[in-house]
Amino acid sequence: MVKLPKELQQKEKSKPKRPQAVVKREGGQFGSRQMRRKMAQQGIEMDQVDATRVIIEGAEKTLIINQPEVILMKQAGQEIYQIIGEAEEFLSEEINITEKGEIEEIESISEDDFKPTITENDIMLVAAQANVDPKEAETILKECNGDIAKAILFLKNRP
């Protein structure tokens with residue numbers, strides 16, 4: 001028999017001769033079949049629910065989950081629904097759910113639709129600060145969407 005160098009002899013000795021036991025993780029103690037059996041012994045029934053959309057309405061916001069995975073668990077006369085999916089958040093004022101289950105999004109007023117009211121005092125202020133006549137101040141205020149400071153700066157800095 002041929003002798004190995006000392007480095008290899010030590011490495012060979014340190015190797016385990018038979019497979020070691022695998023350390024079990026805390027979370028995954030049971031397989032799915034074992035889990036179902038244990039739940040059946042405890043009186044828990046599980047059913048898959050076919051759902052295309054789940055809507056959760058709250059006071060401030062509404063959650064809509066499209067194409068969810070819904071599991072119904074029944075235990076001691078109570079029903080527990082487990083919903084898995086990606087939720088979209090909406091403010092309660094943004095959507096309206098009809099009796100047919102259709103969702104209507106209510107159009108919110110955007111800043112583009114908002115027309116500011118330009119008062120005579122605004123026109124006089126811009127005209128006095130920029131040293132221009134009131135007609136010119138009014139047109140620039142309309143272009144600046146009623147922003148007084150922006151209108152004054154524009155009039156003062158123009159060539």
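V54 faces I65 across a strand pair in this predicted model. I65 belongs to strand 3. Strand 3 covers residues 61-66 and runs antiparallel to strand 2. Five bridges hold the pairing between these two strands.

Strands 2 and 3 are part of an open sheet of three strands. Its order is 2-3-6, and the pairing is antiparallel. Which strands stand at the edges of this sheet? They are strand 2, residues 53-57, and strand 6, residues 87-91. Each has a single partner strand, so one side of each lacks a neighbour in the sheet. From one strand to the next, the twist averages 20°.

A further open sheet of three strands has the order 1-4-5. Antiparallel pairing applies here too. Strand 1, residues 45-49, and strand 5, residues 78-84, take the edge positions. Both have one side without a neighbour in the sheet, because each pairs with a single strand. The twist in this sheet averages 25° from one strand to the next.

Strand 1 joins strand 4, residues 69-75, through five bridges. The two strands run antiparallel. M46 has its bridge partner in strand 4: M73.

The two strand pairs are set out below.

| Strand pair | Bridges and direction | Residues |
|---|---|---|
| Strand 2 and strand 3 | five bridges, antiparallel | strand 3: residues 61-66 |
| Strand 1 and strand 4 | five bridges, antiparallel | strand 4: residues 69-75 |

How values were computed
Residues are numbered from 1 along each chain as its sequence is written. This is a predicted model: local features need pLDDT of at least 70, side-chain atom pairs count only at pLDDT 80 or more; totals for chains, interfaces and linings use all residues. Side-chain values use heavy atoms; hydrogens and water are left out. Two strands pair if DSSP finds at least two bridges between them. Helices (H or I, at least four residues) and strands (E, at least two) are DSSP runs, numbered from the N terminus. Axes are lines fitted to C-alpha atoms, for helices over the stretch in contact, and angles run from 0 to 180 degrees between N-to-C directions.
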